[in-house]
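Visitor: Could you walk me through this model and show me how each label is earned?

Guide: Gladly; let us take the terms one at a time.

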Amino acid sequence: MSIAKLGAVVLDCPDPAALARFYAELLGGEIEDDGSGWVDLKGGAAPLAFQAAPGFEPPKWPSAKESQQFHLDVTVDDLDAAEKQVLAIGATALETDDRSRSFRVYADPAGHPFCLCAC
């Protein structure tokens, strides 16, 4: 029996509402924003929350000298189609040159890395 269950994955960022909109476009779900600097995205694949973080420094990808912190893997059916869509909603390509791999690495608008995976 487990001690707890995961409530949400929380991403620090400079603009919680904007980042929630990005992930709502990517994963679906409903945004709940009470204006307090904390925004929930519910009803999507997994509970996500976004927290205002003054002085936020985005992770570096890849970097042995700086923290990656963590990244999200997002499963898709078609990497090429998904890539066009995530770039259109504000993602940045980080590691996408090797088209033979089953994944590609991007950053969300706040700089958090995530992978599109056709796994």
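Guide: One cut-off first: contact means heavy atoms within 4.5 Å. By that rule, what covers the buried residues of α2 includes α1, β7 and β8. Please keep in mind that this is a predicted model.

Visitor: Which residues of α2 are buried, and what makes them so?

Guide: They are Leu79, Ala82, Glu83 and Val86. The word buried is used for a relative accessible area under 20%, so these four residues of α2 fall below that limit.

Visitor: How do you know that the buried residues of α2 line one face of the helix?

Guide: Looking down the axis of α2, you find its buried residues within an arc of 105 degrees, so they line one face. The general rule helps here: an α-helix has 3.6 residues a turn, so residues three or four places apart point the same way. On the face of α2 turned away from the buried side sit the exposed residues Lys84, Gln85 and Ala88.

Visitor: What makes Asp78 a cap for α2?

Guide: A side-chain oxygen of Asp78 lies 3.0 Å from the backbone nitrogen of Asp80, at the N-terminal end of α2. The limit for a polar contact is 3.5 Å, so the 3.0 Å pair qualifies. Just after α2, Gly90 has a positive phi of about 120 degrees.

Visitor: Why is Gly35 called exposed?

Guide: Exposed means over 50% relative accessible area, and Gly35 has 66%, so the label fits. You will find Gly35 in the loop between β2 (30–33) and β3 (38–42).

Visitor: How do you know that β7 and β8 pair?

Guide: Pairing needs at least two bridges. Strands β7 (residues 103–107) and β8 (residues 113–117) are joined by five, so they pair, and they run antiparallel. One of the partnerships is Val105 with Cys115 in β8.

Visitor: What makes β5 and β6 edge strands?

Guide: The open sheet of four strands has the order β5-β8-β7-β6, with mixed pairing. Strands β5 (72–75) and β6 (92–95) each pair on one side only, and that earns them the name.

Visitor: Which residues touch the most other members of the largest nonpolar core?

Guide: Of its 25 residues, those are Leu19, Tyr23, Leu26, Phe50, Val86, Phe114 and Leu116. Helix α1 gives the largest share of this core, six residues. Leaving out residues up to four places away in sequence, Phe50 touches several residues, including Leu19, Tyr23 and Trp38.

Definitions and conventions: Residues are numbered from 1 along each chain as its sequence is written. This is a predicted model: local features need pLDDT of at least 70, side-chain atom pairs count only at pLDDT 80 or more; totals for chains, interfaces and linings use all residues. Side-chain values use heavy atoms; hydrogens and water are left out. Helices (H or I, at least four residues) and strands (E, at least two) are DSSP runs, numbered from the N terminus. Buried means under 20% relative accessible area, exposed over 50%, partly exposed in between (1.4 Å probe, protein chains only). A nonpolar core is a set of buried Ala, Val, Leu, Ile, Met, Phe, Trp, Tyr and Cys residues joined through side-chain atoms within 4.5 Å. The arc is that of the directions from the helix axis to the C-beta atoms. A polar contact is a pair of N or O atoms within 3.5 Å; within protein, one must be able to donate a hydrogen and the other to accept it, and residues adjacent in sequence count only if both atoms are side-chain atoms.
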